[in-house]
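Colleague: Could you take me through one part of this predicted model in detail? I would like to start with the cysteines and then move on to whatever else you find worth a look.

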Amino acid sequence: MKTPTTRRDFIKQSTLAAGSLMAMPMISNAGFFNTSVDDAIKIALVGCGGRGTGAALQALLTKQNVKLVAMADAFRDRLDDCYKNLTADDLSDSVGYSGNVKDKVAVKEEAKFVGFDGYKKAIALADVVILTTPPGFRPLHFEEAVKQGKHIFMEKPVATDPAGIKRVLDAAQIAKQKKLNVVVGLQRHYQNSYRSLYEKLKEGTIGEIVSGQVWWNNEGVWMNPRKPNQTEMEYQMRNWYYFNWICGDHIVEQHIHNMDVMNWFKGDFPVKAQGMGGRQVRTGKEYGEIFDHHYVEFQYADGSIMNSQCRHIKGTMSKVDEQIVGTKGTIYCGAMNITDRKGKVIFQFDKEKENDPYQTEHDELFAAIAKKEYKFWDAERGAKSTMTAILGRLATYSGQVVEFEKALNSGLSLQPSTYAWDADMPVKPDANGFYPIAVPGVTKYFS
Ligand SMILES: NC(=O)c1ccc[n+]([C@@H]2O[C@H](COP(=O)([O-])OP(=O)(O)OC[C@H]3O[C@@H](n4cnc5c(N)ncnc54)[C@H](O)[C@@H]3O)[C@@H](O)[C@H]2O)c1
């Protein structure tokens with residue numbers, strides 16, 4: 001990914017996630033930021049890309065006494081870009097936000113760690129860690145943060161394969177025993193409109209949920225072409241979106257948000273899935289091994305259904321949304337309202353009351369940590385929603401009915417045997433640079 005040079009580039013690349021910083025209030029270089037590192041809640045950032053930069057800023061913009069003290073990234077250039085953005089005099093140049101947080105950045109040169117092992121050293125220096133690498137590394141990094149007894153903000157998805165989910169679930173139990181706050185970046189849980197719709201659901205407004213429809217359809221994301229002299233590992237790391245061991249396919253990487261909403265409202269996770277998908281447009285070798293569309297029918301234990309569709313194809317209908325259908329009414333998350341069975345709006349969330357959930361998830365996490373409260377244990381829910389999305393991928397890749405528990409307990413891992421620049425990669429290009437692609441009916445996971 002190229003270095004963001006203009007404000008627009010940065011916002012575009014950084015996924016400061018859906019304009020989340022744009023909505024933030026102004027801050028000044030107020031004196032209360034000038035506290036010593038010793039008094040502050042110390043933060044380490046692992047994964048200094050677009051989202052890592054955004055999450056670090058959001059952590060530094062909370063009302064608590066916080067300092068960023070360590071950074072780790074696989075690549076020096078990514079770490080340097082992030083540091084430069086976080087220490088800028090005026091963030092309006094980079095993120096369209098007036099003010100700065102540079103007084104809260106106290107990362108000495110010796111606390112900048114580069115490579116695959118830097119995460120351990122960065123985590124050791126902090127009270128709270130922000131885990132924002134691509135998701136393939138999340139189980140490893142989460143396990144380490146829990147082992148070292150740190151509070152955690154980690155981005156979704158939390159893994160890319162069932163073996164990774166198991167590791168996160170196991171570490172989540174230990175995090176609970178240690179009373180470590182864990183927030184997962186499924187930010188709709190921290191968004192006022194969703195929280196309000198969920199309350200209405202609990203009041204019985206739509207009756208019993210019978211089905212749901214969830215979408216992540218848009219044009220797709222960035223792609224980083226291969227450069228001369230890259231090892232296969234470096235290429236796949238730089239172009240990570242298109243390799244399943246590190247990304248999980250877009251059904252996992254992005255569509256998880258929408259499936260997670262249905263799981264949340266349903267209060268359960270699907271027991272099985274079947275579906276279809278393929279790559280029809282995004283077929284070049286630079287797009288690795290992932291599909292460009294998936295359609296999955298998930299079934300919950302009580303027989304209710306979630307229909308999920310995700311598509312990355314230019315020129316097609318864009319829609320990122322969720323609709324939850326009950327016996328008495330329907331929740332429309334995008335429209336933030338509820339209708340009765342005849343279509344009459346019976347509840348409308350006041351859009352003026354919407355918040356920036358990316359900021360709220362940090363505000364709430366850091367407030368709890370400052371008060372020494374144990375309030376957040378998102379890891380298990382995040383892991384099971386990630387597993388839902390992985391289940392969808394296994395279903396569309398194989399064309400078979402795949403059961404949640406069977407897949408979860410399968411031990412299936414997509415990871416390389418070692419994380420090193422010369423690693424023997426789990427997927428390799430053929431002589432023409434093309435990667436093997438799943439073929440429904442041929443690709444098999446479980447007998
Ligand atoms: N909640 C949301 O709405 C939201 C929005 C955007 C991104 N995200 C999530 O944030 C994560 C990162 O996405 P991004 O857009 O910032 O990607 P990115 O490519 O911009 O950043 C990832 C960074 O991690 C680094 N990295 C990779 N492997 C590493 C390792 N082993 N150790 C240390 N650093 C490593 C990369 O070099 C890069 O700097 C993804 O899981 C993504 O799904 C969430």
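Modeller: Happy to! With a disulfide taken as a pair of cysteine sulfur atoms within 2.5 Å, the count in this predicted model comes to 0. Cys247 takes part in no disulfide, and the nearest cysteine sulfur, that of Cys310, is 11 Å away. That distance is beyond the 2.5 Å cut-off, so the pair does not qualify. Cys310 is likewise in no disulfide, its nearest cysteine sulfur being that of Cys247. What about their surroundings: are these two residues buried or exposed? Cys247 has 0% relative accessibility and therefore counts as buried. Cys310 counts as buried as well, because its relative accessibility is 2%.

Now to the ligand. Its shell is made up of 28 residues, and the closest are Arg51, Asp73, Arg138, Lys156 and Glu253. Sorted by class, that shell has 11 nonpolar, 10 polar and 7 charged residues. Two helices contribute here: H2, spanning 50-60, and H6, spanning 138-147, each supply at least two residues of the shell.

Some polar contacts can be picked out one by one. On the backbone side, an N or O atom of Gly50 lies 2.9 Å from an oxygen atom of the ligand. A polar backbone atom of Gly49 is 3.4 Å from a ligand oxygen atom. Glu155 uses its side chain instead: an N or O atom there is 3.0 Å from a nitrogen atom of the ligand. As for cover, the ligand on its own has 850 Å² of accessible area, and the protein covers 96% of it.

Last, have a look at the strands around E11, which runs over residues 319-326. E11 pairs with strand E7, residues 209-218, in the antiparallel sense, and 8 bridges link the two. If you want a place to find this pairing on screen, go to Val214, whose bridge partner in E11 is Glu322. E11 also pairs with strand E12, residues 329-332, again in the antiparallel sense, over 3 bridges. Here you can look for Ile324, which stands opposite Ile331 in E12. The link from E11 to E12 is a hairpin of 2 residues. While you follow these strands, keep in mind that side chains in a regular strand alternate between the two faces of the sheet.

Technical notes:
Residues numbered from 1 in each chain as written. Predicted model: local features only at pLDDT ≥ 70, side-chain atom pairs only at ≥ 80, totals over all residues. Heavy atoms only, no water. Near = heavy atom within 4 Å. Polar contact = N/O pair within 3.5 Å; in protein donor to acceptor, adjacent residues only side chain to side chain. Areas by Shrake-Rupley, 256 points an atom, 1.4 Å probe, with all protein chains shown as cover. Helix = DSSP H or I, 4+ residues; strand = E, 2+ residues; numbered from the N terminus. Nonpolar A, V, L, I, M, F, W, Y, C, P; charged D, E, K, R; others polar. Buried < 20%, exposed > 50% of the residue type's maximum accessible area, 1.4 Å probe, protein only. Pairing = 2+ DSSP bridges.
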